[in-house]
Amino acid sequence: MGSPYHQFCPVAKAMELLDERWTLLVVRELLAGSRHFNDLRRGLPRMSPTLLSKRLNQLVASGVVDRRREGREVVYTPTAAGEELRSAIELLGAWGIRWTGVLGDADLDPKLLMWDLHRNVDLSTVPAGTTVVRFELTDVPPRQRYWWIVLSPSEADVCDADPGHEISLTVQGSLRDLVAVWRGDHTWAAVLRAGAVVITGPARLRPAVTTWFGPSRFAAVPRPDPELVA
């Protein structure tokens, strides 16, 4: 628990638990479907494992998260109390994308982008067999430049090392432009038309990329006139 506010206001009591650093983002990941410690780490790449373990213990102790063993694995799921936070998370996300303005370079994280892209794939549109999409991020250091998302009609996986399959398609562009597409700041059509992002591969597959890797659920949030944010 965070520092007490010593107020009977229910907002204050809720924030004693939820306003500690990373806590709401852990809840966000759980509500997005992450169930294992390593999956949570991939959705929170800049959070230390020690702090993640601490926050999970706090959420379990507070009745927001359930922890159980399934064979050798530990599984985390939101309880009813955790599920009730879904609308709050969605409202915060909508507010954030509407009002928080331009992203700084430090906000751009290739690990988080690739994790978000892979878990939002519309698997119903993926062809039979294995399809591998290689991403080349042109504005990041070489060790984080190449990523592979391996698709099949039943699952999607993201790799930071060559998985050894034949490359079906390559998506080349800056991390900033691809984050902008995911957030809904730009559309796939706009960045492709401008040449900011280039997709190479068989003509029959290229248009499918924009279907497989759809934008965030916050992309449709209306944005204010830029003068109101300035």
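**Close-up views of the sheet, helix α1 and the cysteines**

**View 1. Pairing of strands β6 and β7.** Residue T170 stands opposite T200 in β7. The model shown is predicted. Strand β6 spans residues 169-173 and pairs with β7 in the antiparallel sense, over 4 bridges.

**View 2. The open sheet and its edges.** The sheet consists of 5 strands in the order β5-β4-β3-β6-β7, and its pairing is mixed. Its edges are formed by β5 (156-159) and β7 (197-200), each of which pairs on one side only. From one strand to the next, the twist averages 15 degrees.

**View 3. Helix α7 against the sheet.** Helix α7, residues 110-119, packs on the sheet and touches β3 (131-137), β4 (146-151) and β5. The direction of α7 makes about 15 degrees with that of β4.

**View 4. The buried residues of helix α1.** Helix α1 comprises residues 10-18, and its buried residues are A12, E16, L17 and L18. An α-helix has 3.6 residues a turn, so residues three or four places apart point the same way. The buried residues of α1 pack against α2 (23-31) and α4 (49-61).

**View 5. Cysteines C9 and C159.** The structure holds 0 disulfides. C9 has a relative accessible area of 28% and is therefore partly exposed. C159 has a relative accessible area of 17%, so this residue counts as buried, the cut-off for burial being under 20%. Edge strand β5 covers residues 156-159.

How values were computed:
Residues are numbered from 1 along each chain as its sequence is written. This is a predicted model: local features need pLDDT of at least 70, side-chain atom pairs count only at pLDDT 80 or more; totals for chains, interfaces and linings use all residues. Side-chain values use heavy atoms; hydrogens and water are left out. Two strands pair if DSSP finds at least two bridges between them. Helices (H or I, at least four residues) and strands (E, at least two) are DSSP runs, numbered from the N terminus. Axes are lines fitted to C-alpha atoms, for helices over the stretch in contact, and angles run from 0 to 180 degrees between N-to-C directions. Contact means heavy atoms within 4.5 Å. Buried means under 20% relative accessible area, exposed over 50%, partly exposed in between (1.4 Å probe, protein chains only). A disulfide is a pair of cysteine sulfur atoms within 2.5 Å.
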